[in-house]
Amino acid sequence: MAVVEGARRRVIEIGRRALGLDVPAADHTVAVLHSIDHDVPGLDRRETLQLMRIRLLGATGAVIMAIAALGVGAQPVHQNPTSGLRVLGFFARAGTSTLAMCLIGTVLVVMAWLLLGRFAIGGWGGNPRHRLTRSQMDRTLLLWIIPLSVAPPMFSNDVYSYLAQSEISARGLDPYKVGPVEGLGLDNVLTNNVPNIWRLTPAPYGPLFLWMGRGISSVAGDNIIAGVWLHRLLALAGVALIVWALPRLSRRCGVAPVSALWLGAANPLVLFHLVGGVHNDAIMLGLMMAGVEFCMRALDDIHPFDRKAWALLVFGAVVITLSSSIKIISLVSLGFVGMALARRLGGRLRDVLIAGAVLVGIAVVVTLLISGASGLGFGWMNTLGAATSVRSYLSLPTAIGIITGFGGVLLGLGDHTTALLDITRPIAELVAAFITVRMLIATWTGRLNPIGALGVSLGAIVLFFPVVQPWYLLWAIVPLAAWANRPAFRVPAVVLSVVVSMIVMPRGADFYVFQIVESAIATVIVGLTLIFLTRNVLPWRNQPGVSAPSQRPTPYGVSS
């Protein structure tokens, strides 16, 4: 009996340790990603001049990308406004040269973003001695966004699927049961612009997004250009919400707002894929971040926790639920709000149950209202896994399954890739679920800030998700930008953002190998030449007054 009792206690001890119930806060492995930023002076004259040049460099790159998009962007098959025009149509005829233009513009924007980081976060491991102001960051971001916001869609054709699925809904059909071919017909102008792989696929998006899309269809009709513009306005509204919420959340974590905006809003992935690619992840992330900010404002700023706090909390939970009605992944954030609420109520298990009941009730009511009012019902629950038919190289379990299956082919064992994916993907989902549970417990016990825990959880979900598109990385990068400010996070996040931004082709399709090689060579030559010519006017290297890790200024203020 003593042996059995000892084994039982050991199992309990290991379980509590694995879940993080018995881990001291100082020893929490994820906590090393965060520290308190310091309040530092603004830029001096020399640095301000360098900032203006960096801003111009990024704007030039964005303009070049916008012009190149006339030829290698995700132009519509029908109603292409540049088709047949002598000057504007030239870019489509000169495919290799236009691709080189686009890659060069991409490199210029990425270079400008990295240089801007000198004045936002300093060097790789140090704190900036001088930091640009919020207004300087806002003007820079706006200048880089404007050219891409008026350009044709780039890096993806998803916006044409949005238009087709919205038109299906506008015609009174169920977009969760029929795809563009069945709902609109093969000869429909909207169907012809949808990539072949998605023409038979029902909509995988939530009812709120298709409800908004129905409104866009009622305005634009079959006018593809007008529909794209209206969807881009939605994406820009989402980016605006990110810009509004991110610095407010970062202040709560003791992270400089400008640093958070640099990584989370000025990130090339945001510029290229949320703005340029017109993805609905923009409005989903914007609503999620805004909802979390309203909830944290209720939990952190109002004492005692009165009716006003409850009203603000409920409003924030409603906003988060609205975001989950676009893409359900954002509903994860409601769990971390619930754990923060439970801790505010007392931190007992009973408080967890109360907080969970309140937030689940809000989510259910809001979802029922949206699904009912839109007339779309709950068919979207059955199409959430529609994208898993794609094998994404960025998905860890998918990559492992494909590589292992290819190894089996080389060894003469046959192609068992599909069977291997059926093994690796469920295992990865269990790992992501375990990490999420541990982060929830860390939030409940107060070992981690809920914003940081949310970001880590979303990072695990993205890492182990069956399908990962380049812009999915923003699910984790955006919230973590408000909390994780150590090189252990920022260096991989920056490297990943740069690499993924550079390897995705501008229209989300394949080019001939010789086109890619010739364009890459031209891009390298232009990039190296630019670095050489600007070596004395741009901060390519650590310069005095840009980054000084030895400086110990006063801590950056953390809001209550």
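Val278 sits in the loop that joins helix 12 (268-275) to helix 13, and it is a good place to start reading this predicted model. The phi angle of Val278 is near 55°, a positive value in a residue that is not glycine. Why is that worth a second look? Most residues other than glycine have a negative phi. Val278 also counts as buried, because its relative accessibility is 2% and the cut-off for buried is under 20%.

A second loop residue makes a good companion. Phe155 lies between helix 5 (134-149) and helix 6 (158-170), and its phi is near 70°, again positive in a residue other than glycine. With a relative accessible area of 5%, Phe155 is buried.

Now step back to the chain as a whole. The protein chain has 22 helices and zero strands. Of its 560 residues, 55% count as buried. If you take the contacts in the chain with a separation of 6 or more, 79% of them are between residues 24 or more positions apart.

Follow the chain from Val278 into helix 13 and you reach the largest nonpolar core, which has 162 residues. Helix 13, covering residues 281-301, gives the most to this core, with 14 residues. The residues with the most contacts inside the core are Leu132, Trp262, Leu263, Leu274, Leu285 and Trp483. Leu285 is a handy one to display: leaving out residues up to four places away in sequence, Leu285 touches Ile242, Leu274, Leu474, Trp475 and Val478. Notice that Leu274, one of these partners, is itself on the list of residues with the most contacts in the core. As general background, nonpolar side chains in soluble globular proteins tend to be buried together.

From the core, turn to the second largest pocket, which holds about 480 Å³ of space. Its lining has 20 residues, and the closest to the pocket centre are Gly459, Ala460, Leu463, Ala476 and Leu496. Helix 19 (450-464), helix 20 (474-481) and helix 21 (487-503) are the elements that give two or more residues to the lining. Helix 19 supplies the largest share, six residues. What is the character of this lining: nonpolar, polar or charged? The lining residues divide into 19 nonpolar, one polar and no charged.

Next, have a look at the cysteines. A search of the whole structure finds zero disulfides. Two cysteines to pick out are Cys102 and Cys295: Cys102 is buried, with a relative accessible area of 0%, and Cys295 counts as buried at 0% relative accessibility.

Helix 4 (residues 95-118) holds Thr98. Is this threonine buried or exposed? With a relative accessible area of 1%, Thr98 is buried. Setting aside neighbours within four places in sequence, the contacts of Thr98 are with Ala68, Gly71, Val72 and Phe91.

The tour ends at Asp39, in the loop between helix 1 (2-19) and helix 2 (45-72). Asp39 has a relative accessible area of 46%, so it is classed as partly exposed, the class between under 20% and over 50%. Asp39 and His130 are 91 residues apart along the chain, and their C-alpha atoms are separated by 9.2 Å.

Conventions:
Residues numbered from 1 in each chain as written. Predicted model: local features only at pLDDT ≥ 70, side-chain atom pairs only at ≥ 80, totals over all residues. Heavy atoms only, no water. Core = buried A, V, L, I, M, F, W, Y, C linked by side-chain atoms within 4.5 Å. Buried < 20%, exposed > 50% of the residue type's maximum accessible area, 1.4 Å probe, protein only. Helix = DSSP H or I, 4+ residues; strand = E, 2+ residues; numbered from the N terminus. Contact = heavy atoms within 4.5 Å. 1 Å grid on protein atoms, 1.4 Å probe; cavity = no way out; pocket = protein on both sides within 12 Å on 5 of 7 lines; lining within 4 Å. Points joined across faces, edges and corners; volume = space filled by probe spheres on them. Nonpolar A, V, L, I, M, F, W, Y, C, P; charged D, E, K, R; others polar. Disulfide = S-S within 2.5 Å.
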